[in-house]
Amino acid sequence: MFKRIMVPVDLAHADRLEKALGCAADLAKHYGATVIYVGVSTTAPSSIAHTPQEFATKLAGFAEAQGAVSGIATEAHAVTSHDPATDLDPTLLKAVGETGADLVVMASHIPNLTDYIWPSNGGTIAGHAKVSVLVVR
């Protein structure tokens, strides 16, 4: 049913993604799919990486480690954005097409008051993606 599962990851908060990562790995095993970990970074140095190339290398290492732990095929897709805080949703929607994903599995948070003012990333992706989206809390 699914061949390419896209999982947006924030390497700075990878410890908060356990449920979504596990869910994507289970689905990949069940369907024999490849999981593509998508990370969005800026061109400016950050706590994760000093350059976009270093970020891409770290994301590739993350993908490789996830594949080894879960026994699944993985890929990494690093994207550079001038302002990830404002461009994240359109950047992730574009990455769906770039990766050829037919399912997006992404972590979310428990909704709170600000979600009535600003929509969550998961809600926006689910509402606008042309593929199935599974939002994991």
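Colleague: What covers the buried residues of α1?

Modeller: The cover includes β1, β2, α2, β4 and β5 (132–136). Helices (H or I, at least four residues) and strands (E, at least two) are DSSP runs numbered from the N terminus, and contact means heavy atoms within 4.5 Å. One caveat up front: this is a predicted model, where local features need pLDDT of at least 70, side-chain atom pairs count only at pLDDT 80 or more, and totals for chains, interfaces and linings use all residues. Residues are numbered from 1 along each chain as its sequence is written, and side-chain values use heavy atoms, with hydrogens and water left out.

Colleague: Which residues of α1 are the buried ones, and how do you know that they line one face?

Modeller: They are A20, L21, A24, A25 and A28. Buried means under 20% relative accessible area, exposed over 50% and partly exposed in between, with a 1.4 Å probe and protein chains only. Down the axis of α1, the buried residues fall within an arc of 130°, so they line one face of the helix; the arc is that of the directions from the helix axis to the C-beta atoms. An α-helix has 3.6 residues a turn, so residues three or four places apart point the same way. On the other side of α1, E18, K19, D26 and H30 are exposed.

Colleague: How do you know whether the length of α1 agrees with the expected span?

Modeller: The expected span is 1.5 Å times one less than the number of residues. For the 14 residues of α1 that gives 20 Å, and the end C-alpha atoms are 20 Å apart, so the two agree. Just after the helix, G32 takes a positive phi of about 65°.

Colleague: And α3, what span does that one have?

Modeller: Helix α3 (residues 84–99) has 16 residues, but its end C-alpha atoms are only 19 Å apart, short of the 22 Å that a straight helix would reach. There is also a bend of about 35° at P90. The bend at a residue is the angle between axes fitted to the seven residues ending there and the seven starting there. D89, T91, L92, A95, V96 and T99 are buried in α3, and what covers them includes β1, β2, β3 (73–80), β4 and α4 (121–128).

Colleague: Why is V38 called buried?

Modeller: V38 has 1% relative accessibility, so it meets the cut-off and counts as buried. V38 is found in strand β2 (residues 34–41). Not counting residues up to four places away in sequence, V38 touches M6, V7, P8, V9, L59, H77, V79, L92, A95 and T99.

Colleague: What makes a set of residues a nonpolar core, and which members of the largest one touch the most others?

Modeller: A core is a set of buried Ala, Val, Leu, Ile, Met, Phe, Trp, Tyr and Cys residues joined through side-chain atoms within 4.5 Å. The largest has 23 residues, and I5, V7, V9, L21, V35, Y37 and V105 touch the most other members. β1 (4–8), α1 (18–31), β2, α2 (52–70) and β4 (103–107) each supply at least two residues, with α1 giving the most, five. A second, separate core of 13 residues includes I36, V40, A101 and M106.

Colleague: How many aromatic pairs are there, and why is the pair of F2 and Y31 called what it is?

Modeller: The count comes to two. Rings of Phe, Tyr and Trp (its six-membered ring) pair if their centres lie within 6.5 Å; planes under 30 degrees apart count as stacked, over 60 as edge-to-face and the rest as tilted. For F2 and Y31 the centres are 5.4 Å apart and the planes at 90°, so the pair is edge-to-face. F2 lies in the segment before β1 and Y31 in helix α1, so the pair ties together parts that are 29 residues apart in sequence. F2 counts as buried at 14%, while Y31 is partly exposed at 27%.

Colleague: What makes Y37 and F62 a pair?

Modeller: Their ring centres are 5.5 Å apart, with 85° between the planes, and the pair is edge-to-face. Y37 lies in strand β2 and F62 in helix α2, so the pair ties together parts that are 25 residues apart in sequence. Y37 counts as buried at 0% relative accessibility, and F62 is buried at 14%.
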